[in-house]
Amino acid sequence: MATDASPLTAAIATGREILRASRGIVILTGAGLSADSGLTTFRDPKGHWKRHRPEDLATPEAFRRDPCLVWEWYGVRRRAAADTAPNAAHLAIAAFALRRDDVVIVTQNVDGLHTVAARQAADERSRDTSGEPAGEVAGELACRTKALPIELHGCFYRARCSACGRCYEHRDRIDTSSQQALPHCAKCSGLLRPDVVWFGEPLGEPIDRAFGYAAQSDVCVVVGTSAVVQPAASVAVVTRRAGGAIIEVNPEETPLTPMSTVSLRGTAAEVVPRLLAPGRRHG
Ligand code: BV8
Ligand code: ZN
């Protein structure tokens with residue numbers, strides 16, 4: 001943990017000042033945010049499956065070639081995500097979004113942890129104000145309107161029919177022993193695929209919405225992304241080009257570092273709760 005006089009503490013104070021003076025905040029997150037929940041990222045050496053590069057598995061061609069292998073990869077990732085929990089950074093982001101009315105969370109992650117954090121933060125907030133956990137309706141409503149993310153790349157707890165496009169909530173264990181054993185559509189018997197955006201596939205309406213918010217925001221807080229995947233990484237650039245600031249949270253430099261107003265060199269779990277802690281007007 002940084003001491004009071006450390007450069008990181010000073011940089012966090014600068015970041016808090018920027019947030020205090022801002023209206024319109026977009027928070028762009030990547031796999032590094034979930035690293036503090038024990039989920040491997042894409043590009044670090046011990047990242048996702050050593051035997052395969054994500055770019056070789058997260059593609060429509062890979063799924064056509066070997067749907068059992070691709071579903072096996074998602075099964076491993078879903079089990080890892082189900083066995084973990086949102087970390088302090090997820091929870092701080094959700095609480096921050098619930099405290100203000102001008103925050104939008106945009107994630108590249110498909111692990112659903114922002115959604116779990118949104119429900120936990122809504123319950124926490126409701127307990128603080130009414131002494132009761134957020135009721136199903138109240139909790140959902142609070143989460144849905146403010147702390148649920150725009151999921152640019154989808155979510156692997158949803159499956160989509162490759163034939164008719166029907167979407168399903170899908171958390172079952174996947175039998176990858178044969179293509180016949182893989183999940184199929186209840187409506188048309190087509191093969192189901194993870195409802196995520198693969199390389200070479202368009203992001204559709206979510207990226208348009210994200211760019212729209214980014215263009216009207218005074219600051220983009222970028223947490224735990226290598227900023228190499230497009231068009232997601234450009235969300236921060238849209239804010240910058242519209243005259244806004246970028247606050248980057250990442251132990252390492254990224255292509256966004258040169259255009260960042262403040263770079264906070266630390267992990268998400270260490271830095272984000274300090275950056276977004278409640279304070280004067282800051283929210
Ligand atoms: C598109 C879902 C066009 C699946 C993902 C050739 C052909 C086609 C397209 C392209 C091409 N060349 C380039 C492109 C564009 C391509 C692209 O960007 N490629 C990259 C590799 C260069 N993009 C696309 O294909 C996109 N679609 O362009 O379509 C189109 C338009 C119209 C019509 C048809 C087509 C689609 C891209 C989406 C791919 N899907 N995910 C899945 O997850 O299984 S991307 C995948 O990478 C994940 O979503 C992941 O989140 C994302 C980005 O990675 P990061 O999140 O940044 O993770 P990474 O490991 O890289 O970095 C982690 C960072 O965290 C590091 O910086 C590290 O320092 C830091 N960190 C580590 N620990 C911590 C930490 N930070 C904080 N705290 C810590 N503790
Ligand atoms: Zn179908």
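**View 1. Thr 29 stands opposite Thr 107 in strand S2.** Welcome to a predicted model, which we will tour through a few close-ups. The pair in this view sits where strands S1 and S2 run parallel, joined by 5 bridges. Let us stay with Thr 107 for a moment, since this strand residue has several partners to look at. With a relative accessibility of 1%, Thr 107 counts as buried. A polar atom of the Thr 107 side chain lies 3.0 Å from the backbone nitrogen of Asn 109. Setting aside residues up to four places away in sequence, Thr 107 touches Thr 29, His 114 and a run of others including Pro 149, Ile 150 and Glu 151. Leu 152 and His 153 are also among the residues that Thr 107 touches.

**View 2. Strand S1 is lined on both faces by buried side chains.** Which residues point which way here? Ile 25, Ile 27 and Thr 29 point to one side of S1, while Val 26 and Leu 28 point to the other. Because 5 of the 5 residues of S1 are buried, the strand is largely enclosed by the rest of the structure. Besides its pairing with S2, strand S1 is joined to S7 by 5 bridges, and these two strands run parallel. If you would like a landmark for that pairing, look for Val 26, whose bridge partner in S7 is Cys 220.

**View 3. Six strands form an open sheet with parallel pairing.** Reading across the sheet, the order is S3-S2-S1-S7-S8-S9. Which strands stand at the edges? They are S3 (150-151) and S9 (262-264); each has a single partner strand, so one side of each is left without a neighbour in the sheet. At the S3 edge, 2 bridges join that strand to S2 (residues 103-107), and the two run parallel. Here Val 106 stands opposite Ile 150 in S3. Helix H11 (residues 268-276) packs on the sheet, where it touches S1 (25-29), S7 (219-223), S8 (245-249) and S9. The direction of H11 makes about 140 degrees with that of S8.

**View 4. Four cysteines coordinate the zinc ion (ligand 2).** The donors are the SG atoms of Cys 161, Cys 164, Cys 185 and Cys 188, at 2.2 to 2.3 Å. Why is the arrangement called tetrahedral? The 4 donor atoms subtend angles of 99 to 119 degrees around the zinc ion, which makes it so. For comparison, the ideal angle for four tetrahedral donors is 109.5 degrees. Along the sequence, the donor residues follow the spacing C-x2-C-x20-C-x2-C. Cys 164 and Cys 188 link distant parts of the chain, 24 residues apart. Cys 164 belongs to the loop between strands S4 (154-161) and S5 (167-169), and Cys 188 to the loop between S5 and S6 (192-196). Cys 164 is partly exposed, at 32% relative accessible area, and Cys 188 likewise counts as partly exposed, at 34%.

**View 5. Ser 189 and Ala 227 each have a positive phi without being glycines.** Most residues other than glycine have a negative phi. For Ser 189, phi is about 70 degrees; for Ala 227, it is about 55 degrees. Are the two residues buried or exposed? Ser 189, in the loop between S5 and S6, is exposed, with a relative accessible area of 53%. Ala 227, in the loop between S7 and H10, is buried, with a relative accessible area of 7%.

**View 6. The peptide bond from Gln 230 to Pro 231 is cis.** Its omega is near 0 degrees. As a general background, most peptide bonds are trans. Where should you look for Pro 231? Find the loop between S7 and helix H10 (234-241).

**View 7. Leu 256 is a buried residue in the loop between S8 and S9.** The relative accessibility of Leu 256 is 4%. Which residues does Leu 256 contact, leaving aside its neighbours within four places in sequence? The answer is Val 222, Ala 227, Ala 233, Ala 236, Val 237 and Glu 248. One of these, Ala 233, is 23 residues away from Leu 256 along the chain, and their C-alpha atoms are separated by 8.4 Å. Ala 227, another of these contacts, is the positive-phi residue introduced in View 5.

Technical notes:
Residues numbered from 1 in each chain as written. Chains lettered and ligands numbered in written order. Predicted model: local features only at pLDDT ≥ 70, side-chain atom pairs only at ≥ 80, totals over all residues. Heavy atoms only, no water. Pairing = 2+ DSSP bridges. Helix = DSSP H or I, 4+ residues; strand = E, 2+ residues; numbered from the N terminus. Contact = heavy atoms within 4.5 Å. Axes fitted to C-alpha atoms, helices over the stretch in contact; angles between N-to-C directions. Buried < 20%, exposed > 50% of the residue type's maximum accessible area, 1.4 Å probe, protein only. Donors = N, O, S within 2.8 Å, 3.2 Å for Na, K, Ca; no water. Tetrahedral: all angles 85-135°; square planar, octahedral: opposite > 155°, others 65-115°. Polar contact = N/O pair within 3.5 Å; in protein donor to acceptor, adjacent residues only side chain to side chain.
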